Amino acid sequence: PSLQAMMARATSFVALLLCQAYSATALSSLTTKALCYNRPTLAVGPKVVRGGSRGYAIASRLRGGGDAPAIGMSFGAAAQWYTTALTARPLLTKATTLFFISAFSDLNAQSIANRGKVAADPTAPHLPLDPHRTLTFAVMGATFIAPIVHYWFDALNALAHSPLLAGRPAGVVVLVQTLLDQLLAAPVVLASIFMVIGFYDHVMRAKPFSIRGVWHVGRGKLNRDYRATLYNNYRLWPLANLVNFAVVPPAYRVLYSNCVSVIWETYLSRQVNKKSKAAQGQAESRQA
């Protein structure tokens, strides 16, 4: 499947998530009213709620009581909770977020690849989803990519307030940040992902492996797929980052980047997990 097809599917998924969030909020609001309708009131501190202790406990959970967001939270309240967590524990929050984004993206990539094979050849065997591959990609995202991105963007933000760029027009600052990100960080980080995915794959299997052998496989992937992946990176991220730095309010930049990451991670999962033609033929013969 083409990158454009993957982007369309991932964008549709993001839109579906937003619709589900608003639907869940409306449904839980109606449920809360039904639970508390014509019930005796209960005073709890400055609050007075209907439904007695049972009604209050259920309503509290539906409205997002406690330390984590419940399904009944409004979209704004959920965003505020996420922003608070991001401020209190930025690296942990980003790592957790990227874990789930990477997991979904890999499942999406596997599903798209399977449907593409069946569409091209209806007699081709349907390969089942690989949970090990999904977990490996998600753990790599949380423990390798997230820390790099976290500290790199901290450095870019610090650069914006450094004497080098302080007082410069906003457009110049945004342009410098984007150029540094795409010309310096993107090629290095992308190459490192191709090299470390093999190590994560073997470590997650908890079996002995040859470091030299894994390194050799990583070099093969790098030589085969790196240039095409970097090219598609430049088709997506420079414009996305320009929009993010120049247009999106700071409070929503993380949310915006996460939406774009769903698109990119789906494509990236396909690239770093792509097998050579010989290995792919062996895998399909084992499935037949």
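**Close-up views of a predicted model**

**View 1. Here's how helix α5 gets going.** Right where α5 begins, aspartate 130 puts a side-chain oxygen within 3.1 Å of the backbone nitrogen of histidine 132. Keep in mind that this is a predicted model.

**View 2. Next up is the full run of α5, bend included.** The helix covers residues 131-160, which makes 30 residues. From first C-alpha to last, α5 reaches 41 Å, close to the 44 Å expected at 1.5 Å a residue. Follow the helix along to isoleucine 145 and you hit a kink of about 35°. Proline 147 comes shortly after that spot.

**View 3. Here's a nonpolar patch out on the surface.** Six names to look for: Leu175, Leu179, Leu183, Tyr234, Leu239 and Leu242, together offering about 570 Å² of accessible area. Two helices, α6 (170-205) and α7 (211-246), each chip in at least two residues of the patch. As a reminder about helices in general, there are 3.6 residues a turn, so residues three or four places apart point the same way.

**View 4. Zooming in on leucine 239.** This patch member sits in helix α7. Is leucine 239 buried or exposed? Its relative accessibility is 58%, so leucine 239 counts as exposed, the cut-off being over 50%.

**View 5. Stepping back to the whole chain.** The protein has 288 residues, and 36% of them count as buried. You'll find 9 helices and 2 strands in the fold. Going along the sequence, the order reads α-β-β-α-α-α-α-α-α-α-α.

Methods:
Residues are numbered from 1 along each chain as its sequence is written. This is a predicted model: local features need pLDDT of at least 70, side-chain atom pairs count only at pLDDT 80 or more; totals for chains, interfaces and linings use all residues. Side-chain values use heavy atoms; hydrogens and water are left out. Patches are made of residues with over 30% relative accessible area and no salt bridge: like charges are joined within 9 Å, nonpolar side chains (Val, Leu, Ile, Met, Phe, Trp, Tyr) within 5 Å. Accessible areas come from the Shrake-Rupley method with a 1.4 Å probe; for residues, only the protein chains shown count as cover. A salt bridge is a side-chain nitrogen of Lys or Arg within 4 Å of a carboxyl oxygen of Asp or Glu. Helices (H or I, at least four residues) and strands (E, at least two) are DSSP runs, numbered from the N terminus. Buried means under 20% relative accessible area, exposed over 50%, partly exposed in between (1.4 Å probe, protein chains only). The expected span of a helix is 1.5 Å times one less than its number of residues. The bend at a residue is the angle between axes fitted to the seven residues ending there and the seven starting there. A polar contact is a pair of N or O atoms within 3.5 Å; within protein, one must be able to donate a hydrogen and the other to accept it, and residues adjacent in sequence count only if both atoms are side-chain atoms.
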